[in-house]
Amino acid sequence: SWMPVELSIGTVFLYTQTLRHTVCGIMIDPSRQEYVGLEEGPRIFYVSSDGREYTPQLGFGEETLPVWEERIDGPPFQWQDGGECYDITLMSISGVDACIAYAAPSRSFFEELNTFQRVLFVASLCLIASIPLSWLVLQRFFLSPLGLLVNATQKIQQGNMEVRVSEDSRVQEVHKITQAVNVMLDTIRQQKVASYEQQLATQQAQLQYLQLQIRPHFYLNCLNIIYSMAGQRNYQALQSLTLDLSSYIRSIFKDSSQLIPLKAELTSLESYIRIQQTAVQIPPRLEMEVDAESASLLVPPLSILTFGENSLKHSRLVDTPLKLRVACHRLDSPAGGYLNITISDNGGGFPQEQLEQLNHPKEHLYRSQHVGIANIRCRLRLLYGDKATLSFRNLTEGACVELFIPIAPEDGPQHKGGAIH
């Protein structure tokens with residue numbers, strides 16, 4: 001096996017083997033070894049088991065390396081020499097109480113890389129660093145405008161046409177999309193306003209038509225009463241009748257698109273009853289029960305007067321005076337306030353067939369019978385939609401008409417100063 005031998009030239013390694021009575025010997029002088037392919041800086045030398053170098057000129061001079069058993073054939077360890085740090089790796093030599101030591105200068109990770117690897121590493125770091133910056137740019141110029149656009153679209157789906165999308169995006173395509181959406185919303189809003197104005201115009205025309213439809217109906221009845229009293233030459237009564245008739249005519253010629261206080265409508269009814277009391281042999285009677293807080297509430301013109309006139313016209317009483325009773329009460333609920341108006345009489349009630357037609361009318365605007373009732377029904381629908389109700393029923397002695405009219409706030413969207421909005 002190999003063994004170190006001290007000679008005058010230094011320590012050498014000797015290997016001998018006997019074959020057929022012949023001794024063969026091999027000697028290696030570590031100081032004369034040459035190593036090809038090493039870079040500048042690394043060193044290879046031999047050390048004994050106690051750390052002394054066999055070839056000081058190739059190692060660290062006279063210094064003794066800490067050669068421990070666990071470091072032989074183990075991971076590298078660091079050693080300082082003249083201010084420079086080395087990584088030393090020890091490898092055992094079979095049969096020799098010595099090790100081969102490989103010492104390479106310690107280098108950082110970046111120093112271990114060649115030029116191409118360094119360029120590639122720097123490029124990778126730049127790419128990694130650009131990811132947050134790219135995300136911020138994407139968020140600022142693309143995701144945020146698209147998020148606003150999505151939010152605006154959701155609000156549009158919910159029916160909010162007043163929303164607008166910000167047009168401050170620097171991306172031309174996104175800017176054009178948001179601009180197109182805003183233009184579309186403006187167009188829809190203009191069309192909606194135009195449609196609403198057209199609807200109001202149509203509604204106004206319908207109200208005017210209904211008003212013109214009902215005025216001749218009342219007016220002819222009044223002329224018949226005047227003619228009858230003039231024929232009887234009852235001038236004193238005719239003068240009183242003229243005052244009531246003036247108040248009555250003034251009420252029926254009011255604009256039907258303007259709401260009036262309940263008190264004014266009841267005053268018109270009183271004038272009409274006084275006219276009838278003067279014109280007929282058996283005068284009708286009027287009883288009214290009205291809450292103090294209900295007198296100032298707004299109602300459509302002729303909404304009570306129409307049913308009072310119908311009670312007198314269709315009464316089947318002969319020798320008994322007609323008793324007309326009007327009750328007005330305010331009803332409050334979580335859904336909103338309502339004005340409940342009940343008009344009842346003792347005139348015999350509605351025929352069953354007529355009662356069915358009144359409670360389940362057909363959509364027919366032009367008709368020759370029950371013009372006043374049809375007019376009231378149409379105006380209630382135009383003014384309040386499906387929030388107002390009108391019903392008919394028979395009591396023990398006569399008919400009963402009941403209205404439920406929603407009470408709008410003083411500054412509500414429906415009414416303002418009695419006008420339709």
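This dialogue walks through a predicted model of one protein chain, feature by feature.

Reader: What should I know before I look at the model?

Author: Residues are numbered from 1 along each chain as its sequence is written, and side-chain values use heavy atoms, with hydrogens and water left out. Since the model is predicted, local features need pLDDT of at least 70 and side-chain atom pairs count only at pLDDT 80 or more, while totals for chains, interfaces and linings use all residues.

Reader: How many helices and strands does the chain have?

Author: Helices (H or I, at least four residues) and strands (E, at least two) are DSSP runs, numbered from the N terminus. Here the chain has 8 helices and 16 strands.

Reader: What share of the residues is buried, and what share of the exposed area do carbon and sulfur atoms supply?

Author: Buried means under 20% relative accessible area, exposed means over 50%, and partly exposed lies in between, with a 1.4 Å probe and protein chains only. Accessible areas come from the Shrake-Rupley method with a 1.4 Å probe, and for residues only the protein chains shown count as cover. Of the 421 residues in the chain, 34% are buried, and the chain exposes about 25,900 Å², of which carbon and sulfur atoms supply 55%. For an example in between, take Gln179, which is found in helix α3 (residues 172-232) and is partly exposed, with a relative accessible area of 36%. Gln179 lies 13 residues from Ser166 in sequence, and their C-alpha atoms are 8.4 Å apart in space.

Reader: Which residues of helix α6 are buried?

Author: Helix α6 covers residues 305-313 and is mostly covered, with 8 of its 9 residues buried. They are Leu305, Thr306, Phe307, Gly308, Glu309, Asn310, Ser311 and Leu312.

Reader: How do I read contacts in the chain?

Author: A contact means heavy atoms within 4.5 Å. Among contacts in this chain between residues at least 6 apart in sequence, 57% join residues at least 24 apart.

Reader: How do strands pair, and what is the order of the strands in the sheet that holds β1?

Author: Two strands pair if DSSP finds at least two bridges between them. In a regular strand the side chains alternate between the two faces of the sheet. One open sheet of 3 strands has the order β1-β2-β3, with antiparallel pairing. Its edge strands are β1 (2-7) and β3 (22-28), each of which pairs on one side only. The twist averages 35 degrees from one strand to the next, where axes are lines fitted to C-alpha atoms, for helices over the stretch in contact, and angles run from 0 to 180 degrees between N-to-C directions. Strand β2 (residues 10-19) is joined to β3 by 7 bridges, and the two run antiparallel; Thr16 stands opposite Gly25 in β3.

Reader: What is the order of the strands in the open sheet of 4 strands?

Author: That sheet has the order β4-β7-β6-β5, again with antiparallel pairing. Its edge strands, β4 (43-48) and β5 (77-81), each pair on one side only, and the twist averages 40 degrees from one strand to the next. Between β4 and strand β7 (residues 98-105), which run antiparallel, there are 6 bridges, and the bridge partner of Phe45 in β7 is Ala101.

Reader: Why is β12 described as largely enclosed, and which strands pair with it?

Author: Strand β12 is largely enclosed by the rest of the structure because 7 of its 8 residues are buried. Strand β11 (residues 323-331) pairs with β12 in the antiparallel sense over 8 bridges, and Leu331 stands opposite Tyr338 in β12. These two strands form a hairpin with 6 residues between them, and Gly336 in the turn has a positive phi of about 135 degrees. Strand β14 (residues 399-406) also pairs with β12 in the antiparallel sense, over 7 bridges, with Cys400 in β14 as the bridge partner of Ser344.

Reader: Is Asn340 buried or exposed, and what does its side chain join?

Author: Asn340 has its place in strand β12 (residues 338-345) and is buried, with a relative accessible area of 10%. A polar contact is a pair of N or O atoms within 3.5 Å; within protein, one must be able to donate a hydrogen and the other to accept it, and residues adjacent in sequence count only if both atoms are side-chain atoms. Here a polar contact of 3.1 Å joins the side chains of Asn340 and Glu402.
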